[in-house]
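Good morning, colleagues. My topic today is charged side-chain pairs and cysteines, and I would ask you to keep the structure in view while I speak.

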Amino acid sequence: CYLLLQAHIVKAKLPISDYINDTKTIMDQVPRLLAAMQYIALDDASTAGVFDLISYFARLRQVLSTRTMVNDNPFNQIPRFPRDGGRKLRNRGISSLRDLCSLPVSESAKALDLVFGNGNRVKHISNRATQFLNSLPLVTVENVTTKHEIEKSSGRASGRLNFDIMFNTRETVNARRGGHGMNSKDSLQAESNLIIIVGTYQSRCLLCHKSVTISGGKVNKKSQSIEMSFDWALANANGGPDGGSMVMRLLHEDIRGMDSELIIPLQIGG
């Protein structure tokens, strides 16, 4: 099973049809297995380390969706990305796929021209890479507030976290995203899944989590207001210095290299 999973991820050619059928059976069961493991972990969310464990589940889904190993450079998801492309981008101060997507469209196009070259022979490759890059959802968080209140019925301190997430996509997204060497027509995906998880600053206990679907569309900047409740006492006890903080991670299940992490003070606004 493990070897067939590895073969699937690295797109290895299987020698006989039985292996192909077995791989399909395994891949059909993997989402259920991951969901069951996550369900068990969520049952003990206040245990130290569960916050990181839920993050690992999301990153494993990234590996399965993109069919790239965890030690592969996320830049390799860009179609026809050259071996020395990552070094060229790092020399320009671009260290991640998210950094590249955060640039204005004209600047990211220039960066890709640096990687692929700008002659007529490679222009279609650069354009294909730009199309892929522009389809990726760049997610940011704004208008964060936290507050706590006492539940009258139980006397328990409950925290409330409110924020807006901004989805910025720069191009029509109308097909499925694939990996290195894929065709342009299937390099994009109509929608993707974003996992928002919040954990304690110390001990990495899980406070709350939420799944959000990002729909594709034309050049746009969409927003969605989010409210999440959490155990205030647990967050405060593990908040760390300077009045206490929480850690928020935004993890894409369908793409690697676009995740982000924020430190949120326990007292903002309200």
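Lysine 110 has a relative accessibility of 47%, so lysine 110 counts as partly exposed. I should say at once that this is a predicted model. The partner of lysine 110 in a salt bridge is glutamate 107, with 3.7 Å between the closest N and O atoms. Glutamate 107 is likewise classed as partly exposed, at 28% relative accessibility. Where do these two residues lie? Both belong to helix α6, residues 105-116, and three residues separate them, about one turn of the helix.

Let me place this pair in context. How many salt bridges does the model contain? The count comes to eleven. In general terms, side chains of opposite charge can pair when their charged atoms come close.

I turn next to a pair formed between strands. Arginine 160 and glutamate 227 meet through their side chains in a salt bridge, at 3.2 Å from N to O. Arginine 160 is part of strand β2, residues 157-169, and glutamate 227 is part of strand β5, residues 220-231, so this salt bridge ties together parts 67 residues apart in sequence. For glutamate 227 the relative accessible area is 47%, and glutamate 227 is therefore partly exposed.

Some salt bridges share partners: Asp52, Arg249 and Glu261 are joined in this way into one network.

The next pair is that of glutamate 253 and arginine 61, whose side chains form a salt bridge with an N to O distance of 3.4 Å. This pair links distant parts of the chain, 192 residues apart. Glutamate 253 sits in the loop between β6 (245-252) and β7 (260-265), whereas arginine 61 sits in helix α3, residues 50-66. Are these partners buried or exposed? Glutamate 253 is buried, at 12% relative accessibility. Arginine 61 has a relative accessible area of 19% and is also buried. The cut-off matters here: buried means under 20% relative accessible area, so the 19% of arginine 61 falls within that class.

Finally, the cysteines. A disulfide is a covalent bond between the sulfur atoms of two cysteines. How many disulfides does the model have? The count is zero. Among the cysteines, cysteine 205 is buried, with a relative accessible area of 4%. Cysteine 208 is buried too, with a relative accessible area of 8%.

To summarise, the count gives eleven salt bridges and zero disulfides. Thank you for your attention.

Key: Residues numbered from 1 in each chain as written. Predicted model: local features only at pLDDT ≥ 70, side-chain atom pairs only at ≥ 80, totals over all residues. Heavy atoms only, no water. Salt bridge = Lys/Arg side-chain N within 4 Å of Asp/Glu carboxyl O. Helix = DSSP H or I, 4+ residues; strand = E, 2+ residues; numbered from the N terminus. Buried < 20%, exposed > 50% of the residue type's maximum accessible area, 1.4 Å probe, protein only. Disulfide = S-S within 2.5 Å.
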